[in-house]
Amino acid sequence: MKPAIVIIDMLNDFILEGAPLECAKGREIIEPINKLIEHGRKKNIPIIFITDSHDPNDREFKIWPPHAVENSKGSEVIDELKPQKGDIIVKKKTYDGFFRTNLDELLKEKKIDTLILTGVCTDICILHTGSSATLLGYNVKVPREGVAALTDEDHEFALKHLENVLKADVDSLDNIINQL
Ligand code: ZN
């Protein structure tokens, strides 16, 4: 197994109190994600941040309030998880980290075959990125404590879909860490 740790949309505009697309539960997953990242760094596992980076008039803003506009403070990863030298950042404009990005190319270059998906929201960007990853032939692992959604219902629905339909390995953070 050649894994990469993927952190999706842990940005100021999603996580901070009062943020335009605040996912309050996202603040509860900061510590678990940090634990995973710390473990990953020790094992030289690539750390990939996938971040929303929208044009000022992005069509997504017809659905959601404006958020994560390219080069704004809101589009930056939260201070608690700041990317370090050597980490990879992939900017996306949709729910799907693979859609019109170089993510697939980059993973193939590094011969990565397994993605550990963390971040927000379980039922939106995690689910859509996990779906593309599966269709492209990657193994997907999702630590329950490393993802969050706006509501528990949305969170549970997405985990069930990832597990039952996409055949992702949905497991506890500790179990996933122990496999690395
Ligand atoms: Zn967005």
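This passage describes the zinc site, the strand pairing around β5, the nonpolar core and the setting of E163 in a predicted model.

The zinc ion is held by four residues. D52 contributes OD and H54 contributes NE2. E60 contributes OE, and H67 contributes NE2. The coordination distances run from 2.0 to 2.1 Å. Along the chain, the donors of the zinc ion are spaced as D-x1-H-x5-E-x6-H. Of these residues, E60 and H67 are both buried. The geometry of the site is irregular, with angles among the four donor atoms of 92 to 165 degrees. For four tetrahedral donors, the ideal angle at a metal is 109.5 degrees. A tetrahedral assignment requires all angles to lie between 85 and 135 degrees. The upper value of 165 degrees at the zinc ion falls outside that range, so the site does not count as tetrahedral.

Strand β5 spans residues 139-143. Four of its five residues are buried, so β5 is largely enclosed by the rest of the structure. Strand β4, residues 114-120, pairs with β5 in the parallel sense. Three bridges join β4 and β5. In one of them, T114 is partnered by N139 of β5. The connection from β4 to β5 runs through helix α4, residues 122-135. This β-α-β crossover is right-handed. β5 also pairs with strand β7, residues 169-171. That pairing is parallel too, and it comprises three bridges. Here V142 has V170 of β7 as its bridge partner.

The largest nonpolar core contains 56 residues. In soluble globular proteins, nonpolar side chains tend to be buried together. The residues with the most contacts inside this core are I7, M10, I48, L81, L115, V120 and L162. L115 illustrates the contacts made beyond neighbours within four places in sequence. L115 is in contact with A4, V6, F98 and L107, among others. Its further contacts include A133, N139, V140 and K141. N139 is thus both a contact of L115 and the bridge partner of T114.

E163 lies in helix α5, residues 152-164. E163 has a relative accessibility of 31% and therefore counts as partly exposed. Beyond residues up to four places away in sequence, E163 touches R144, A168 and V170. V170 is also the β7 bridge partner of V142. E163 and F61 are 102 residues apart along the chain. Their C-alpha atoms are separated by 30 Å.

How values were computed. Residues are numbered from 1 along each chain as its sequence is written. This is a predicted model: local features need pLDDT of at least 70, side-chain atom pairs count only at pLDDT 80 or more; totals for chains, interfaces and linings use all residues. Side-chain values use heavy atoms; hydrogens and water are left out. A nonpolar core is a set of buried Ala, Val, Leu, Ile, Met, Phe, Trp, Tyr and Cys residues joined through side-chain atoms within 4.5 Å. Buried means under 20% relative accessible area, exposed over 50%, partly exposed in between (1.4 Å probe, protein chains only). Contact means heavy atoms within 4.5 Å. Donors are N, O and S atoms within 2.8 Å of the metal (3.2 Å for Na, K and Ca); water is not among the atoms, so sites may look incomplete. Four donors count as tetrahedral if all angles lie between 85 and 135 degrees; four count as square planar and six as octahedral if opposite donors are over 155 degrees apart and all others between 65 and 115; anything else is irregular. Helices (H or I, at least four residues) and strands (E, at least two) are DSSP runs, numbered from the N terminus. Two strands pair if DSSP finds at least two bridges between them. A crossover is right-handed if, with the strands pointing away from the viewer, the path from the first strand over the helix to the second runs clockwise.
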